[in-house]
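Work through the exercises below with the model open. Try each task before reading its solution.

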Amino acid sequence: MMDCFERGIERKNTNCDKWDAPFVKEGVVPMWVADMDFEVAPAITRRLVLAAGKGAFGYQFLSDHYYDAVIHFMKERHDYPVEKDWICYVPNVVLGLFAGLQAVTEKGDEVIIQTPVYGPFFKVVRESGRILTESPLKNEDGYYTMDFEDLEKKITEKTKAMLICNPHNPSGRVWKEEELERLVAVCAGHGIAIISDDIHSDIVTEGHSHQMIAPICRRMGVKCITCTSPSKPFNLASVHVANCIIEDKEVRERFQQFLAMHHVNECNAFAEEALIGAYEESGEWLAQMNAYVEGNLDYFVDYIHENIPSLKVRKPEGTYLVWVDFSGTDIGQGNIKEYLSENCRVLVNDGEFFGQAGKGFVRFNLACPRKNVEFALKNLERQFA
């Protein structure tokens, strides 16, 4: 199976954001959007082909099999026992974050995020009419930790919710249980709800394990919404299938009312088959994908350490994304993204997409064949060694 990752899949001229967006120039290798340049697991393709063969795509609902697949996957992979009623289907995690804010806050409430962090966190707070509060993470030689002293200072009587990312995007930290327990304790002391984006939770490097925050929240009496999806680990973003797990009945009802009011609570004809194919039939594919990507991560980080000392990078604990510090180079405070596209023929995410705390950084996506990683590194070495 490793051959399929080494080979990759041709995505140009397929209406693919990553490869076909107008700003992706000829000869440039895109390593920006967080999806994979791998063919999906065969079991998923088989199920989608069978679904297409039905020939009718009217309104549908999710069967018990769908919910059973989610329940079994969460218990076996994350040691998180989930009840069917807790599972709320959403087309994507960002919508889940947005709807979650409507369920646990009111307009004018303050919402805390820890920066740098996934760009849409900023948008969903502001577009909800909530007040955004940033608590920067501590960066110690590329290793990010939560700044609890700063967090406590930023909390006011109007602070009602916190958005977190686990594993953290873009740094790749997989938060330890003791870190999450301390965070939940802070939120418990101030009556703050937690919305956790766990979309990368199934992409974790060897020696690390992902801890769901919801059981800790339950134990400490904190309201929690956990956003999950097979889209990142199984490369299914355009199928539009995600789930928000909400244990609190009152929060769940408000969440579902918001979805119904905006007519975004209906599933598509392929969502169930894709999720079942992923969660029930593609475990070996997921294991080998993780192993291949970790090989890319090791290769990328080791190469930079050995050959491009002007760049700073640390191997991520989770995700297939690498956060690289260019602040020690001549372009560290300029338009790094444009420079890399023009001079290194590689397209990345600019660090400021993740907030001002990301200035001087860029994010590379390594869910691709090794040859793409080698191409990027050789070109980086020519410019920065």
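**Exercise 1. Locate P116 and describe the peptide bond before it.**

Solution. P116 lies in the loop between β3 (110-113) and α6 (120-126). Helices (H or I, at least four residues) and strands (E, at least two) are DSSP runs, numbered from the N terminus. The bond joining T115 and P116 is cis, with omega about 0°. Another cis peptide bond links N166 and P167, again with omega about 0°. P167 sits in the loop between β7 (159-165) and α8 (177-190).

The model is predicted: local features need pLDDT of at least 70, side-chain atom pairs count only at pLDDT 80 or more, and totals for chains, interfaces and linings use all residues. Residues are numbered from 1 along each chain as its sequence is written, and side-chain values use heavy atoms, with hydrogens and water left out.

**Exercise 2. Work out the strand order of the open sheet that four strands form.**

Solution. Start with β12 (residues 321-325) and β15 (residues 361-365): they pair antiparallel over five bridges. Two strands count as paired if DSSP finds at least two bridges between them. Within this pair, L321 stands opposite N365 of β15. The full order is β11-β12-β15-β14, with antiparallel pairing. β11 (312-313) and β14 (349-350) are at the edges with a single partner strand each, so one side of each has no neighbour in the sheet.

**Exercise 3. Determine how α14 and α15 cross, and which residues make the contact.**

Solution. Take the axes, which are lines fitted to C-alpha atoms, for helices over the stretch in contact; angles run from 0 to 180 degrees between N-to-C directions. The axes of α14 (residues 336-343) and α15 (residues 370-384) come within 10 Å and cross at roughly 105°. The two helices are therefore roughly perpendicular (65 to 115 degrees). Next, list the contact (heavy atoms within 4.5 Å): α14 supplies Y339, L340 and N343, and α15 supplies L380, Q383 and F384.

**Exercise 4. Find the residues with the most contacts inside the largest nonpolar core.**

Solution. A nonpolar core is a set of buried Ala, Val, Leu, Ile, Met, Phe, Trp, Tyr and Cys residues joined through side-chain atoms within 4.5 Å. Buried means under 20% relative accessible area, exposed over 50%, partly exposed in between (1.4 Å probe, protein chains only). The largest core has 96 residues, and F300, F326, L340 and F364 have the most contacts inside it. Helix α13 (residues 283-307) gives the largest share, 10 residues. Now check F326: beyond its neighbours within four places in sequence, its contacts include L340, F364, L380 and F384.

Methods: Angles under 35 degrees count as roughly parallel, over 145 as roughly antiparallel, 65 to 115 as roughly perpendicular and the rest as oblique.
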